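User: Got a minute to walk me through this one? I'd like to start with the ligand.

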Amino acid sequence: KRPAGAPDRSLARPVTKVGIVGAGLMASQMALLFVRRLEVPVVLTDLDQERVDKGVAYVHAEIDKLLAKGRISNDKANRHKALVSGAVDKAEGFAGADFVIEAVFEEMSVKKSVFADVEKAVSPECVLATNTSSLSITEMAADLEHPERVVGFHFFNPVAVMPLLEIVKGEQTDDATLATAFATGKALKKTTILVKDSPSFIVNRLLGRFMGEVGRIVDEGTPVTVVDGAFAGVAPMPPFVLLSLVGPAIALHNNETLHRAFPDRFYVSPALERVVAARKASYYGPDGSLDPEVVAMLEQP
Ligand code: 3HC
């Protein structure tokens, strides 16, 4: 059954090579999914060779884990590993790509300059997808020569497990691009939904209310362990585990974007701001318990 708002499938263009801008964790998780489901060449690019190598090594290691668990054959593991490569030079890496997705820093100016760069490296038909979690697709495409091939393609963490994919149509996105995005999402075995190009789309807008209230409860003086404990057995992840999975900075950025758009409805918590200002990457320590230094920061009177 065609998802609501998806154009006719016959308009979809084939995807024979995938480019990924960024080789961080989100990008590498996407690379793993693309190579396993589409079985086409996947090229990761980043600012330097070290980052690129790290991304490729992650994908190879995850494929090895699947092999060790007996989930895939030796042949398949070797085939998939050989399909993943990295490049610093986008023109070289993305030559012949028909689907490029970016997963770089969540900042409009960065995303725009990445797409301007990619546009020089690919054909006019190549889909430019963005994994942005909150920013406007229309604005991101506005200065490009071919804004009609830009589309939002928003995955959730962990990419391999979460079934949903939000597909976002910008004002200028054409039907062929949208159809290709839906067909690709289906090939990745994700549940695809068309969402409006509004701040944080659907899921992160809902999560923004949740995360804002988590911060507010801590700001009001409830200990962090009590807030986290309240969710035991109720949701798959306690709030600060989920905030750590998403990343403190990304979660805060989501609430800032939403607060700018709907100031009366979204809250930016000073407690969560303190943790991001201290550049903490998680609320939890490597031993799997709440990081006491971060808790002290959150509970600061
Ligand atoms: N990578 C790959 N696979 C993973 C994984 C990861 N990081 N984490 C878990 N898995 C796999 C496990 O291998 C296991 O697979 P199997 O059943 O085939 O062996 C399966 O997922 C279940 O894992 P577990 O039994 O260990 O763990 P749980 O039952 O606790 O489930 C979870 C893990 C599915 C991640 C669950 O905790 C959950 O649903 N959490 C909520 C996650 C969520 O809400 N994500 C959305 C965040 S918002 C976002 O991403 C938006 C962005 O824009 C910021």
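Analyst: Sure, one definition before we start: Ala, Val, Leu, Ile, Met, Phe, Trp, Tyr, Cys and Pro count as nonpolar, Asp, Glu, Lys and Arg as charged, and the others, Gly among them, as polar. Also, this is a predicted model: local features need pLDDT of at least 70 and side-chain atom pairs count only at pLDDT 80 or more, while totals for chains, interfaces and linings use all residues. Residues are numbered from 1 along each chain as its sequence is written.

User: OK, so what classes of residue make up the shell around the ligand?

Analyst: The shell has 11 nonpolar, three polar and no charged residues.

User: And which ones come nearest?

Analyst: Ser133, Phe156, Asn157, Pro158 and Pro236, out of 14 residues around the ligand. A residue is near a molecule if its C-beta atom, placed from the backbone, lies within 6 Å of it.

User: Which domains does the shell draw on?

Analyst: Domain 1 (9–195) and domain 2 (203–295) each give at least three residues; those bounds come from an automatic or database domain assignment. Helix H8 (203–219) and helix H10 (239–246) each supply at least two residues of the shell. Helices (H or I, at least four residues) and strands (E, at least two) are DSSP runs, numbered from the N terminus.

User: Back to Pro158. Is the peptide bond leading into it from Asn157 cis or trans?

Analyst: The Asn157 to Pro158 bond is cis, with omega near -15°. Pro158 sits in the loop between strand S6 (150–154) and strand S7 (164–169).

User: Changing topic: what does UniProt put at residues 17–197?

Analyst: The unreviewed entry has "domain: 3-hydroxyacyl-CoA dehydrogenase NAD binding" there. UniProt positions are given in the numbering used here, feature names are shortened, and annotations may be inferred rather than shown by experiment. In the model, that span is 44% helix and 20% strand.

User: How do H1 and H2 pack?

Analyst: The axes of H1 (residues 25–38) and H2 (residues 49–68) come within 9 Å and cross at roughly 50°, so H1 is oblique to H2. Axes are lines fitted to C-alpha atoms, for helices over the stretch in contact, and angles run from 0 to 180 degrees between N-to-C directions. Under 35 degrees counts as roughly parallel, over 145 as roughly antiparallel, 65 to 115 as roughly perpendicular and the rest as oblique.

User: Which residue in the loop between H1 and strand S2 has a positive phi?

Analyst: Glu39, at about 50°, although it is not a glycine. Strand S2 covers 42–45.
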